[in-house]
Amino acid sequence: MNAVLVSLTLALSLATGQFAPQQAASDPLAPAQEARVQQLAKKLRCAVCQGLSVADSPSSMARAQLDKVRELVSDGKTDTEIVDYFVARYGEWVLLEPRAEGFNWFVWLGPVALVLGGLFVILKQRQPLPEGAAPAEAAPVPSPSTPAPSTDEADPYLQAVRRELER
């Protein structure tokens, strides 16, 4: 029984990639350049992760992307050129923050438009008070000993319920 559990654990560990070999990272650059590398890596999405930046991801693919950013920074590329390099290879999906241009304006302005539309609908649904009418005050709560007003005498549903209860 123990051998089965051990082999099952080992198989699951290997299947999840827990023991996958990691790519050796390149050497860090000068502090100013390394800060720029980290800043750029926080803007780029890891190609295999669920919404993590290259700087935050532990995957080997993210390490490879970070090494590529380091290489491009050491080659003297600008931030725009480095971002364009990754966009050319992975598409705009690689950007954690989409560019505010073209169709992407809907992504940026959509939530604002929805909130404004909701406020408009709420304001349109409000009923204005008639001229000279005061706002309604809370009605007094009847005490348990006081019988409720008999406005339900004309209600056919309540009459039918009462007939059923009397049977």
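Buried means under 20% relative accessible area, exposed means over 50%, and partly exposed is what falls in between. Keep that cut-off handy for the exercises below, which all use a predicted model.

**Exercise 1. Sort C46, C49 and Q65: buried or exposed?**

Start with C46. Its relative accessible area is 0%, so C46 is buried.

Next comes C49. At 15% relative accessibility, C49 also sits under the 20% cut-off and therefore counts as buried.

Last is Q65, a residue of helix α3. Its relative accessibility is 2%, so Q65 goes in the buried pile. Leaving out residues up to four places away in sequence, Q65 touches R45, C46, A47, V54, F86, Y90 and V94.

While we're on cysteines, how many disulfides turn up in a search of the whole structure? The search comes back with 0.

**Exercise 2. Get an overview of the chain's fold and surface.**

Step one is to list the secondary structure. The protein chain has 6 helices and 0 strands, and along the sequence the pattern reads α-α-α-α-α-α.

Step two is burial. The chain has 167 residues, and 18% of them are buried.

Step three is the surface. About 13000 Å² is exposed, with carbon and sulfur atoms supplying 63% of that area.

Step four is to ask how contacts spread along the sequence. Take the contacts with a separation of 6 or more: 46% of them link residues 24 or more positions apart.

**Exercise 3. Work out which face of helix α2 is covered, and by what.**

First, check the helix itself. Helix α2 runs over residues 31-43, which is 13 residues. From first C-alpha to last it reaches 19 Å, close to the 18 Å expected at 1.5 Å a residue.

Now pick out the buried residues of α2: E34, V37, L40 and A41. Looking down the axis of α2, these buried residues fall within an arc of 125 degrees, so they line one face of the helix.

Then flip to the other side of α2, where P31 and A32 are exposed.

Finally, find the cover. What sits over the buried residues of α2 includes α3 (60-74) and α4 (79-90).

**Exercise 4. Do the same for helix α4, then see what follows it.**

Length first: α4 has 12 residues and spans 17 Å between its end C-alpha atoms, close to the expected 16 Å.

The buried residues in α4 are I82, V83, F86 and V87. Around the axis they cover an arc of only 135 degrees, which puts them on the same side of α4. They pack against α2 and α3.

On the other side of α4, you'll find T80, A88 and R89 exposed.

Now step past the end of the helix. α4 is followed by G91, and the phi of G91 is positive, near 85 degrees.

**Exercise 5. Classify A64, E71 and L96, and place each one relative to a residue elsewhere in the chain.**

A64 is in helix α3. With 25% relative accessibility, A64 counts as partly exposed. The C-alpha atoms of A64 and V54 are 9.1 Å apart, with their positions 10 residues apart along the chain.

E71 is in helix α3 too. Its relative accessible area is 38%, so E71 is partly exposed. Compare its position with V37: the two are 34 residues apart along the chain, and their C-alpha atoms are separated by 9.4 Å.

L96 is in the loop between α4 and α5 (105-125). At 31% relative accessibility, L96 is partly exposed. Its C-alpha lies 9.2 Å from that of C46, although L96 and C46 are 50 residues apart along the chain. Setting aside neighbours within four places in sequence, L96 is in contact with K42, K43, L44, R45, G51 and S53.

**Exercise 6. Hold a database annotation up against the model.**

Start with the record. An unreviewed UniProt entry lists residues 105-123 as "transmembrane region".

Then ask what secondary structure the model gives those residues. The span comes out as 100% helix and 0% strand.

To finish, look at the reach of the span. The end C-alpha atoms of residues 105-123 lie 26 Å apart.

Notes:
Residues are numbered from 1 along each chain as its sequence is written. This is a predicted model: local features need pLDDT of at least 70, side-chain atom pairs count only at pLDDT 80 or more; totals for chains, interfaces and linings use all residues. Side-chain values use heavy atoms; hydrogens and water are left out. Helices (H or I, at least four residues) and strands (E, at least two) are DSSP runs, numbered from the N terminus. The expected span of a helix is 1.5 Å times one less than its number of residues. Buried means under 20% relative accessible area, exposed over 50%, partly exposed in between (1.4 Å probe, protein chains only). The arc is that of the directions from the helix axis to the C-beta atoms. Contact means heavy atoms within 4.5 Å. UniProt positions are given in the numbering used here, feature names are shortened, and annotations may be inferred rather than shown by experiment. Accessible areas come from the Shrake-Rupley method with a 1.4 Å probe; for residues, only the protein chains shown count as cover. A disulfide is a pair of cysteine sulfur atoms within 2.5 Å.
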